[in-house]
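Biologist: I'm new here, so please take a close look at one thing for me. How many salt bridges does the structure hold?

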Amino acid sequence: MSKALIKFIRLSPTKARLIAREVQGMNAELAMASLKFMPNKGAKFIANAISSAVANGGFEANEVVVKSCRVDAGAVLKRFRPRARGSASRIRKPTSHILVEVEKFEPEEKKAPAEKAPTPKKIAKKES
């Protein structure tokens, strides 16, 4: 498993989480391809984080799956805008921290179905 953390992205965490939910559990190569065609600003940042996580682990993009993509709130930049009659209003500029974890995809081998343990009713019938 490998990780990538991108900090202080000038994007609201709420907007970034909408995109992050879409790519969880996807193949990394497929996730980056789908993010490329999304019109959202955060798609570019999340695709960058996925490619960094893949490179950090030394994997190929087609052999890993996005285990988790988490978006946390960062520092909020506070600015002021002049308003009428000498007053001012606050402008909040939120930032985000994006954490992506990828792990190597290992398909489960098909196992023969195990026999079920006999129920007590079946045991009682056999004894009589």
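Modeller: There are two salt bridges in the structure, where a salt bridge is a side-chain nitrogen of Lys or Arg within 4 Å of a carboxyl oxygen of Asp or Glu. Keep in mind that this is a predicted model, where local features need pLDDT of at least 70 and side-chain atom pairs count only at pLDDT 80 or more, while totals for chains, interfaces and linings use all residues. Residues are numbered from 1 along each chain as its sequence is written, and side-chain values use heavy atoms, with hydrogens and water left out.

Start with Glu63, which pairs with Lys104; their closest N and O atoms are 3.4 Å apart. This pair ties together distant parts of the chain, 41 residues apart: Glu63 lies in the loop between α3 and β2, and Lys104 in strand β3. Those labels come from DSSP runs, numbered from the N terminus: helices are H or I with at least four residues, strands are E with at least two. Glu63 has a relative accessible area of 27%, so it is partly exposed, and Lys104 is also partly exposed, at 40%. On that scale, buried is under 20% relative accessible area, exposed is over 50%, and partly exposed is in between (1.4 Å probe, protein chains only).

The other pair is Arg70 with Asp72, whose side chains meet at 3.2 Å, N to O. Arg70 is partly exposed at 46%, and Asp72 is partly exposed at 29%.

Now follow the chain back from the Glu63 loop to α3. Just after that helix, Gly58 takes a positive phi of about 75 degrees. The helix itself has 17 residues and reaches 26 Å from its first C-alpha to its last, close to the 24 Å expected at 1.5 Å a residue; that expected span is 1.5 Å times one less than the number of residues. Its buried residues include Phe45, Ile46 and Ile50. What covers the buried residues of α3 includes β2 and β3.

That brings us to the largest nonpolar core, which has 27 residues, with Ile46 and Ile50 among those with the most contacts inside it. Such a core is a set of buried Ala, Val, Leu, Ile, Met, Phe, Trp, Tyr and Cys residues joined through side-chain atoms within 4.5 Å. Its largest share, eight residues, comes from α3. Leu35 touches Ile46 and Ile50, among others, leaving aside neighbours within four places in sequence; contact here means heavy atoms within 4.5 Å.
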